[in-house]
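I opened the notebook today to look through one protein model, element by element. Here is what I looked up, in the order I went.

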Amino acid sequence: MVTTLTGENSFGWQHDMRQLVTDFVAEHGDLALERIDGEEAEFSRIQEALTSLPFLSSKKLVVIRSPGTNKLFLEKFEQLLAEVPESTDVIIVEPKLDKRLVYYKFLKAKTDFRDFPELDESSLTQWLVGQAKAQQGSLSSSDARYLVERVGAKQRLLANELDKLLLYNSQITRQTIELLTDANPQSTVFQLIEAAFAGNARRALELYREQRAMKVEAPEIIALLGWQLRVLAIIKTAGDRSAETIAKEAKLNPYVVRKSQGIARQLSLSQLKKLISDLLHIDASSKRSSLNLDEALQHYLLQLAS
């Protein structure tokens, strides 16, 4: 049996891989497990591992990471996988697969293909609540959503933060989240822009000062603002495409797209172009003159809020 694990969500496929390996080793023992790094191993090494019979065991498991980076393997994978004996299970780990390749289409059609995309805000919120409960803790849906917004929509990072919070107190609250976690700069910049477009100048400036207090430099804030404006421009020019389609085509997290669609709807294309142009002017001026970037950026935010 051949299983393929792929996708941007490394936490997801690594969890499945660990479970598959653990279950196999529990039944057949450590000696029946073989791991190969496809980026470093010679093709002959991969071929021998896949086609040889188990030793001192009725079955063996071969875990190969990124074999598609091996040129010879990519040329001969169909023939090679057809030669794998029934006594050998295979896990192919390909974090990034080009869907245009025959290799991708073959793995999807002929193997137990498991794709792990990044989860959206709603899925991550439900997962956090469930994980907290499974570890004899408690976390409300609203506080779970706040945690996602605060640290970002990466499942691995959220898993680490959840473990830390549960060690401190099994009853997780917004107060403990703010005490023990660091706000993700990109996430906070979105909140900053969201506050500005809502006309809440005071909150926007407060968030800006929080960024600076966290040692986020003004040029970095410009870069983050530029990134967010780029996302808005992609959404604005995407017509009636769904958030999932936009995210897929632009290689963005669906969560980011959905969060940004509300702001994009408030803007005309000409307004968005002016915002980009004004930010570019601030950036260029800061490199040519002694412009006070803090003052310029705070004035820019006040313009957004007005």
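Before anything else, a term I need for placing loops: helices here are DSSP runs (H or I) of at least four residues, numbered from the N terminus. I also remind myself that this is a predicted model.

**Entry 1: two loop residues with positive phi.** I started with Lys215, which I found in the loop between helix H10 (201-213) and H11. Its phi is near 70°, a positive value in a residue other than glycine. I noted that because most residues other than glycine have a negative phi. Is Lys215 buried or exposed? Its relative accessible area is 67%, so Lys215 is exposed.

Gln136 went on the same page. I located Gln136 in the loop between helix H5 (121-134) and helix H6 (141-151). Phi of Gln136 is near 60°, again positive in a residue that is not glycine. With 66% relative accessibility, Gln136 counts as exposed, because the cut-off for that word is over 50%.

**Entry 2: strand S1.** Next I went to the start of the chain. Strand S1 covers residues 2-6, and 5 of its 5 residues are buried. I wanted to know which residues sit on each side. In a regular strand the side chains alternate between the two faces of the sheet. On one side of S1 I listed Val2, Thr4 and Thr6, on the other Thr3 and Leu5, and all of them are buried.

Which strands pair with S1? One partner is strand S4 (residues 88-94), parallel to S1 over 5 bridges. There, Val2 has Val90 as its bridge partner. The other partner I wrote down is strand S5 (residues 112-115), also parallel and joined to S1 by 4 bridges. In S5, Asp112 stands opposite Thr3.

**Entry 3: the nonpolar cores.** I then looked at what is packed inside. In soluble globular proteins, nonpolar side chains tend to be buried together. The largest nonpolar core in this model has 62 residues, and Leu128, Leu158, Leu225 and Leu297 have the most contacts inside it. Helix H11 (residues 218-236) gives the most to this core, with 9 residues. A second, separate core has 22 residues, among them Val2, Leu80, Val90 and Tyr103. I was pleased to meet Val2 and Val90 again here, since they were bridge partners in my strand notes.

I followed Leu128 a little further. Setting aside residues up to four places away in sequence, Leu128 touches Leu139, Ala144, Leu147, Val148, Leu158 and Leu162.

Ala144 led me to Ser122, which is in helix H5. The two are 22 residues apart along the chain, and their C-alpha atoms are separated by 9.7 Å. Ser122 has 44% relative accessibility, so I logged it as partly exposed.

**Entry 4: a helix residue and a surface patch.** Gln261 lies in helix H13 (residues 254-266). Buried or exposed? Gln261 counts as buried, because its relative accessibility is 17% and the cut-off is under 20%. Apart from neighbours within four places in sequence, Gln261 is in contact with Ile235, Ala243 and Ile246.

Last, the outside. Leu31, Phe55 and Leu56 form a nonpolar patch on the surface, and together they have about 460 Å² of accessible area. I placed Leu56 in the loop between helix H2 (43-51) and strand S3 (60-65). At 71% relative accessibility, Leu56 is exposed.

Definitions and conventions. Residues are numbered from 1 along each chain as its sequence is written. This is a predicted model: local features need pLDDT of at least 70, side-chain atom pairs count only at pLDDT 80 or more; totals for chains, interfaces and linings use all residues. Side-chain values use heavy atoms; hydrogens and water are left out. Buried means under 20% relative accessible area, exposed over 50%, partly exposed in between (1.4 Å probe, protein chains only). Two strands pair if DSSP finds at least two bridges between them. Contact means heavy atoms within 4.5 Å. Patches are made of residues with over 30% relative accessible area and no salt bridge: like charges are joined within 9 Å, nonpolar side chains (Val, Leu, Ile, Met, Phe, Trp, Tyr) within 5 Å. Accessible areas come from the Shrake-Rupley method with a 1.4 Å probe; for residues, only the protein chains shown count as cover. A salt bridge is a side-chain nitrogen of Lys or Arg within 4 Å of a carboxyl oxygen of Asp or Glu. A nonpolar core is a set of buried Ala, Val, Leu, Ile, Met, Phe, Trp, Tyr and Cys residues joined through side-chain atoms within 4.5 Å.
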